[in-house]
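User: I'd like to go through this one with you, starting with a single residue and then moving on to how the chains meet. Can you take it step by step?

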2 protein chains.
Amino acid sequence: MPQNLVFTNDVASALDQILDAKPHNRLAVIVDENTQRLVLPAVKSRHLADAHVITIKAGDSHKNLSTLTQVWEGLEEAGATRRSVVVNLGGGVVTDLGGFAAATFKRGIDFINIPTTLLSAVDAAVGGKTGINFGGLKNEIGYFREASDVIISTCFLATLSIEELKSGYAEMLKHGMLSSHDEFCRLIAYDFQNADAEQLLELLRTSVLVKERIVKEDPHEKGIRRALNLGHTVGHAFESKALHDGKPIAHGYAVAWGMVAEMVLSHNILGFPSQDLHRLADFVHANYGAFHITCDDYDALLALMHHDKKSQSGEINCTLLAACGDVRPGHVISDDEMRIALDLYRDLMHI
Amino acid sequence: MPQNLVFTNDVASALDQILDAKPHNRLAVIVDENTQRLVLPAVKSRHLADAHVITIKAGDSHKNLSTLTQVWEGLEEAGATRRSVVVNLGGGVVTDLGGFAAATFKRGIDFINIPTTLLSAVDAAVGGKTGINFGGLKNEIGYFREASDVIISTCFLATLSIEELKSGYAEMLKHGMLSSHDEFCRLIAYDFQNADAEQLLELLRTSVLVKERIVKEDPHEKGIRRALNLGHTVGHAFESKALHDGKPIAHGYAVAWGMVAEMVLSHNILGFPSQDLHRLADFVHANYGAFHITCDDYDALLALMHHDKKSQSGEINCTLLAACGDVRPGHVISDDEMRIALDLYRDLMHI
């Protein structure tokens, strides 16, 4: 059955309508400490009022086997059967871990995602990636399984920090660049830091549909889905370096900076328009600042890129754009090309 | 991609042929203490010689989260990536747990099943059920994911106890009854306790293909796949009672006895031929003896049947046969009907 995506800021009604039409004998809702406090009481759903609540600790460090075990035990306590339903109400940790717990409980029960962060709405809640971190590696254990329904809203965004908002918007920007020049222009012109919930929901709808289209073409990430890694080869290297230096950065920021470096590559290799490269760089610099690197960091960054888990052969692999909307996944990048791109990234970021 | 089933007693060549055609960067083989000692050295495969071996403890009590964690860690130690392959070489515990570990490692890597017991060949290795026991419940956590290839042989059966052989043959008998009257007659006429490996492989091929056909029609057990529960409603109750009494019985024996009781129901409700009922009962009695129950046990057995995990509503639900090959899944059985069936089961088993 195709995934049912609902875009609305009346989350309670949407959820009740979905659950009315879905026969089930038990309902469990998975929240973290934050969404239990800030979001759950605000969703005035008939069904949720009677649900068994499973609360997990907030934060990526708790996206682990111990929390997963807690959720499986919670589902047993709830008396969940194959005819039960799980609602994941939270950010990416809740939707990833809760989705995996549901997908594996009694060999799989239905789950509904209600992402409460911009990042999880645009990224983690759609596309069927579920999982946990394991053995020190991110998302090492997991599965591809889509939520039966996803309710996407912007009404919880007031509960987010500005950093969380920006992190999510960077992924929207990525989808915009994958989609078309018009969409790219629309996104960099929008004052997202002072967003109106309904306007932002419209932008979010367009953005999520870009991802949905790509995922549908390639559910198990064998080909075109790698387009969604735009900005991520360099971004992951920045993220890992920052973590290693004891100064972790938010994922979306890393992607924003990574996109600048990868659009430099796109310009140098495929002729991505210089004007768009500069507009992107200015937008990123104005909203995200810069990730500071020097030439002395290049060797370490290149080593990280060679070991990226998306790399199958040890080569540096990037999705590039010939223009916004003209996507070319799977480019092998030489060390020299990457060094030049990092030089120009530093120029564009005024480092 | 459809599952590739290979029937052969030259397991090493079959495996090498499969792996030659499957590009992969690492190979891990999962065995238990028994198959590591008795089977692994006997499979003279080029590929297996270089494989990373992960050895788990033998027995259903080790089909748990702790062993699963050990296998995930073993895959990390092996340097497994999405392009790696897992070979499960063992009985149902190895194929169920190893399959689940592979299905969830980095969101799923290919695995090949080489069942080494008759029961796992006929039952667990085909059909995509993977999983572990959790919270005291069997197969509570798991997933539907098929092995890419299954190599089915009878050459390891000499490593089995007579009890293991009988347990597997009961499931073959079940498939025969689901399939046709001819197949039923062929199976009860065969001297399986003194089986020739090649003859038994032919019977096994027919039996596995019955299951494969049913699973293909209904991969997620929403309808006709419940036919495979023939004998299991009563069988599970016998198994649970025996476990509770501290005298556990093998699963296949429980199914054999359960089939007798359920064919009594089939006779009483759908007119399953009396002659076949008696032939089945005589075969089961001669080869499996009887599970001893008295009228005093009926209440406890009925309670167990009402709580069977396949039951969605608390009603007793059985797959019945109007005749061999004429399958009627999803019959609701009243307590009175079941009491009468248990009475006749005792008569037929000379209790």
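Analyst: A word on terms before the residue itself: strands here are DSSP runs of E with at least two residues, numbered from the N terminus. With that, Lys138(B) lies in strand β7 of chain B, which covers residues 137-144. Please keep in mind that this is a predicted model.

User: Is Lys138(B) exposed, buried or partly exposed, and why?

Analyst: Its relative accessible area is 47%, and because the partly exposed class lies between 20% and 50%, Lys138(B) counts as partly exposed.

User: And what does the side chain of Lys138(B) make a polar contact with?

Analyst: The partner is the side chain of Asp60(B), at 3.4 Å. Along the chain Lys138(B) and Asp60(B) are 78 residues apart, while their C-alpha atoms are separated by 9.2 Å.

User: OK, switching to the interface. How many residues does the contact take from each chain?

Analyst: Chain A contributes 28 residues and chain B contributes 28 residues. Between them the two chains bury about 2,900 Å², and 54% of that is on carbon and sulfur atoms. On the side of chain A, the residues that lose the most area to chain B are Arg107(A), Glu140(A) and Tyr143(A), which together account for 28% of what that side buries.

User: How many salt bridges are there between chain A and chain B?

Analyst: The count is 2. One of them joins Lys106(B) to Glu140(A), with the closest N and O atoms 3.0 Å apart. As for polar contacts, the rule finds 6 residue pairs across the interface, with both residues of each pair at pLDDT 80 or more.

User: Which elements supply the side of chain A that touches chain B?

Analyst: At least two residues each come from α4 (65-77), α5 (92-104), β6 (129-134) and β7 (137-144) of chain A. The element that gives the most is β7(A), with 7 residues. Sorted by class, that side of chain A has 10 nonpolar, 8 polar and 10 charged residues.

User: Last topic: what turn and shift lay chain A on chain B?

Analyst: A turn of 180° with a shift of 0.0 Å along the axis lays chain A on chain B, and the RMSD is 0.0 Å. That is the relation of a two-fold axis. Both copies use the same surface, since 100% of the contact residues of chain A recur in chain B.

Definitions and conventions: Residues numbered from 1 in each chain as written. Chains lettered and ligands numbered in written order. Predicted model: local features only at pLDDT ≥ 70, side-chain atom pairs only at ≥ 80, totals over all residues. Heavy atoms only, no water. Contact = heavy atoms within 4.5 Å. Buried area = accessible area lost by both parts, 1.4 Å probe. Salt bridge = Lys/Arg side-chain N within 4 Å of Asp/Glu carboxyl O. Polar contact = N/O pair within 3.5 Å; in protein donor to acceptor, adjacent residues only side chain to side chain. Helix = DSSP H or I, 4+ residues; strand = E, 2+ residues; numbered from the N terminus. Nonpolar A, V, L, I, M, F, W, Y, C, P; charged D, E, K, R; others polar. Least-squares fit on C-alpha atoms with pLDDT ≥ 70 in both. Buried < 20%, exposed > 50% of the residue type's maximum accessible area, 1.4 Å probe, protein only.
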